[in-house]
Amino acid sequence: TGVDLSGSNEGLVWIKKRGSGSSYDHNLFDTVRGATKWLKSNDTDAEGTRSTGLSAFNSNGFTEGGSGWTGENGKNFVAWTFKSTSKFFDIVTYTGNGTARAISHNLGSVPGMVVFKNRSSTYGWQVYHRGMANDRRLEWDDPGSASSSVGWWDQTTPVTSSVLNIGTDAHVN
């Protein structure tokens with residue numbers, strides 16, 4: 001991809017098998033968790049480990065590891081790569097503790113959208129978006145409308161230029 005994901009450069013690789021079937025998964029790998037850790041953005045699965053998904057993050061992109069989900073012989077794939085950059089994209093991991101608190105991020109600006117995934121459970125992907133009221137959330141993998149987010153994040157100031165103010169709900173904490 002030409003995007004430097006080596007060393008201390010943080011980023012995300014999103015791979016999808018192309019084809020006529022809609023059952024192909026979206027596989028997400030990031031440099032913070034490591035090349036063998038994956039999440040599926042179109043599913044509620046907990047984080048998984050696969051040694052054949054991605055095998056490395058490199059100075060010019062990534063190395064695909066031979067999995068049928070990321071590089072099956074004779075199949076077409078598309079990959080998107082996002083490099084962590086101030087005021088655009090950041091990856092934050094933390095361990096939930098059920099207590100409302102502030103989680104630091106490195107954007108240096110107020111995020112327009114934040115996507116949360118509880119990596120140890122099958123809870124859906126939670127989305128905060130600045131275009132919605134502070135008491136609302138979207139669930140990325142559920143086509144339903146926005147719903148109340150009481151317990152998901154701080155209803156007054158969900159995000160700032162340096163922190164994500166999360167609530168007590170297990171979906172995000």
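Student: Let's start with strand S1: what makes you call it mostly covered?

Tutor: In this predicted model, 7 of the 7 residues of S1 are buried. The label needs a relative accessible area under 20%.

Student: Which residues of S1 point one way, and which point the other?

Tutor: Gly11, Val13, Ile15 and Lys17 go one way, Leu12, Trp14 and Lys16 go the other, and all of them are buried. That split follows a familiar pattern: in a regular strand, side chains alternate between the two faces of the sheet.

Student: How do you know that S1 pairs with S7?

Tutor: Count the bridges. Pairing takes at least two of them, and S1 and S7 have 7, in the antiparallel sense. For a spot to look at, find Leu12, which stands opposite Phe82 in S7.

Student: And what joins S1 to S2?

Tutor: There are 5 bridges between S1 and S2, and these strands run antiparallel too. Lys16 has His26 as its bridge partner in S2.

Student: How many bridges join S3 to S4?

Tutor: S3, residues 34-40, is joined to S4 by 2 bridges, again antiparallel. The threshold is at least two bridges, so S3 and S4 count as a pair. Trp38 has Gly48 as its bridge partner in S4.

Student: In what order do the strands of that open sheet run?

Tutor: The order is S4-S3-S2-S1-S7, which makes an open sheet of 5 strands with antiparallel pairing.

Student: Why do S4 and S7 stand at the edges?

Tutor: S4 (48-49) and S7 (77-83) each have a single partner strand, so one side of each is left without a neighbour in the sheet.

Student: What is the strand order in the open sheet of 4 strands?

Tutor: That one goes S9-S10-S11-S12, with antiparallel pairing. Its edge strands are S9 and S12 (147-148), each pairing on one side only. S9 and S10 (residues 126-129) share 4 bridges in the antiparallel sense, and Phe116 has Gln126 as its bridge partner in S10.

Student: On to the largest pocket. What is its volume, and how many residues line it?

Tutor: The volume is about 1100 Å³, and 38 residues form the lining. Nearest the centre are Asp90, Val92, Val115, Phe116 and Lys117.

Student: Which strand gives the most to the lining of that pocket?

Tutor: S9 does, with 4 residues. S1 (11-17), S2 (26-30) and S9 (113-116) each supply at least two residues of the lining.

Student: How does the lining divide by class?

Tutor: It has 22 nonpolar, 10 polar and 6 charged residues. Mind the bookkeeping here: Gly is counted among the polar residues.

Student: Why is His105 called buried or exposed, whichever it is?

Tutor: Its relative accessibility is 8%, and buried means under 20%, so His105 counts as buried. You'll find His105 in the loop between S8 (101-104) and S9.

Student: What makes the link between His105 and Thr160 a polar contact?

Tutor: A polar atom of the His105 side chain lies 2.8 Å from the backbone oxygen of Thr160, and the distance limit is 3.5 Å. Leaving aside neighbours within four places in sequence, His105 is in contact with several residues, among them Asp90, Val92, Pro111 and Thr160.

Student: What class does Ser6 fall into, and why?

Tutor: Ser6 has 25% relative accessibility; buried stops under 20% and exposed starts over 50%, so Ser6 is partly exposed. Ser6 is found in the segment before S1.

Student: How do you know what Ser6 meets in space?

Tutor: Contact means heavy atoms within 4.5 Å. Apart from neighbours within four places in sequence, Ser6 has such contacts with Phe57, Asn58 and Ser59. Ser6 and Asn60 are 54 residues apart in sequence, while their C-alpha atoms are 8.1 Å apart. The side chains of Ser6 and Asp4 are joined by a polar contact of 2.6 Å, against a limit of 3.5 Å.

Student: Last one: why does Glu10 get its accessibility label?

Tutor: At 31%, Glu10 sits between the 20% and 50% cut-offs, so partly exposed is the label. Glu10 also belongs to the segment before S1. Glu10 and Lys83 are 73 residues apart in sequence and 6.0 Å apart from C-alpha to C-alpha. Not counting residues up to four places away, Glu10 touches residues including Thr31, Phe82, Lys83 and Asp90.

Terms used:
Residues numbered from 1 in each chain as written. Predicted model: local features only at pLDDT ≥ 70, side-chain atom pairs only at ≥ 80, totals over all residues. Heavy atoms only, no water. 1 Å grid on protein atoms, 1.4 Å probe; cavity = no way out; pocket = protein on both sides within 12 Å on 5 of 7 lines; lining within 4 Å. Points joined across faces, edges and corners; volume = space filled by probe spheres on them. Buried < 20%, exposed > 50% of the residue type's maximum accessible area, 1.4 Å probe, protein only. Polar contact = N/O pair within 3.5 Å; in protein donor to acceptor, adjacent residues only side chain to side chain.
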